[in-house]
Protein chains: 2
Amino acid sequence: MADLKVINVNIGVYDKNNTIAEEIRVRNKMNRTFLANIMASPGAGKTSVLLRTIEALRNDYSIGVMEADIDATVDAEKMRSAGVRSIQVHTGGECAMNANMTKEALDEFSADDLDIIFLENVGNLVCPAEEDVGSAVNIEILSIPEGDDKPLKYPLMFEKADVVILNKCDVLPYFDFDHDTFRKYLRDRNDSCDLIQISAKTGDGTDELAAWIERAYEAWRA
Amino acid sequence: MADLKVINVNIGVYDKNNTIAEEIRVRNKMNRTFLANIMASPGAGKTSVLLRTIEALRNDYSIGVMEADIDATVDAEKMRSAGVRSIQVHTGGECAMNANMTKEALDEFSADDLDIIFLENVGNLVCPAEEDVGSAVNIEILSIPEGDDKPLKYPLMFEKADVVILNKCDVLPYFDFDHDTFRKYLRDRNDSCDLIQISAKTGDGTDELAAWIERAYEAWRA
């Protein structure tokens, strides 16, 4: 197996972030590449959800993953073991990717031939929501063990989401997670995003998520 | 019941952070007040762990809690319902408390008469580890559902911890969390911190955590 590619990206000039993000979107649109920004707390299951989703989509689309972390390469290794084209991006301590870092990562990934690129952002419910990375869509994963009050405490993350994926639904019986409370708090922050329940462990809900990605991908390329 | 106090704090001048942190420690030492900085991911159970710990210690110590969040007041409300003296601190979008914000919060809390103050930091495994808040100890809470690889991905948080609390141990059977793997990764980052397993839900392990706080408190006041 080829060596895993690990790149260190730079934060760049902060006030140019929105300009660079827009450039990324223009380039990706031209290349017909769909960039999805995956955001969540540490341990919400970003990598596992991605693996399930890619499994469902890989026969029809060419897919790559950019794994962003402060340190470590475990997630990119998991992707590589599953035969998914991927690179590991180290943020140099930064708590989120920004547009400049994403541009550097895309350049290194040489991924203009891919249909879909998933950017697995740093595990964090605050910083990633503050940075436009030039993605076509923002996907927020929340897991049942984290609790139903998270949209209340991390407003921007839920405001920015095009879809909220509620993961680890298999362990619902063991946690005090109230769906009605969660929905109320979520809708107070965002009344238009979609909401999909899944369990990356059992695979339940993967089809619905894969179908959502397909629809978003088709809308992007239209 | 009195109105809940909610204050908005300012980030201050970044390069003065360490000086202000040291001033906080000197003042707290003079006042014989022990400040414990509680850090964790969103949903790791900071508030629940604190409620259990305070329940175990409140007959012997006067205790207060400063709840730091981007938004919302749910945690401070929970503390108040449990009869715990508390204030809600809003960070204005900042992903962590720093020393300046902590100083402002302490001034507003007028808590010099308290034995122990818990600062429940913003839910985040990156930013809080980068800011010295002038605490006597740093307590890191990790929960079983987050996974055994977190010390690998969030190095600084685990390096800075005086004690790591492994919470939600009651749900261990439903997750792929390997204790040996976790201990190995943790010890790679920090070979001296203590490690305590608890379940804030069942109360298991609370005594050990309360005893740890008591020992740290006595060492601080010695």
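Are A:Tyr61 and A:Tyr217 buried or exposed? Both A:Tyr61 and A:Tyr217 are buried. The notes below concern aromatic rings in this predicted model.

1. Over all chains, the count of aromatic pairs comes to eight. One of them joins A:Tyr61 and A:Tyr217, whose ring centres are 4.8 Å apart. The planes of these two rings stand at 75°, and planes over 60 degrees apart count as edge-to-face, so the pair is edge-to-face.

2. The A:Tyr61 and A:Tyr217 pair links distant parts of the chain, with the two positions 156 residues apart. A:Tyr61 is in the loop between α2 (46-57) and β3 (63-69) of chain A, while A:Tyr217 belongs to helix α9 (residues 206-221) of chain A.

3. A:Tyr61 and A:Tyr217 are also part of a cluster: ring pairs link them with A:Phe34.

4. In chain B, the rings of B:Phe177 and B:Phe182 have centres 5.5 Å apart. Their planes are at 45°, which falls neither under 30 degrees nor over 60, so this pair is tilted.

5. B:Phe177 has a relative accessible area of 8%, and buried means under 20%, so B:Phe177 is buried. B:Phe182 counts as buried too, at 0% relative accessibility.

6. Two charged side chains in chain B sit over aromatic rings. The charged end of B:Lys29 lies over the ring of B:Trp220, at 4.5 Å from the ring centre. For B:Arg85, the ring beneath the charged end is that of B:Phe109, and the distance to its centre is 5.8 Å.

Conventions: Residues are numbered from 1 along each chain as its sequence is written. Chains are lettered from A and ligands numbered from 1 in the order in which they are written. This is a predicted model: local features need pLDDT of at least 70, side-chain atom pairs count only at pLDDT 80 or more; totals for chains, interfaces and linings use all residues. Side-chain values use heavy atoms; hydrogens and water are left out. Rings of Phe, Tyr and Trp (its six-membered ring) pair if their centres lie within 6.5 Å; planes under 30 degrees apart count as stacked, over 60 as edge-to-face and the rest as tilted. Helices (H or I, at least four residues) and strands (E, at least two) are DSSP runs, numbered from the N terminus. Buried means under 20% relative accessible area, exposed over 50%, partly exposed in between (1.4 Å probe, protein chains only). A charge sits over a ring if NZ of Lys or CZ of Arg is within 6 Å of the ring centre and within 35 degrees of the ring normal.
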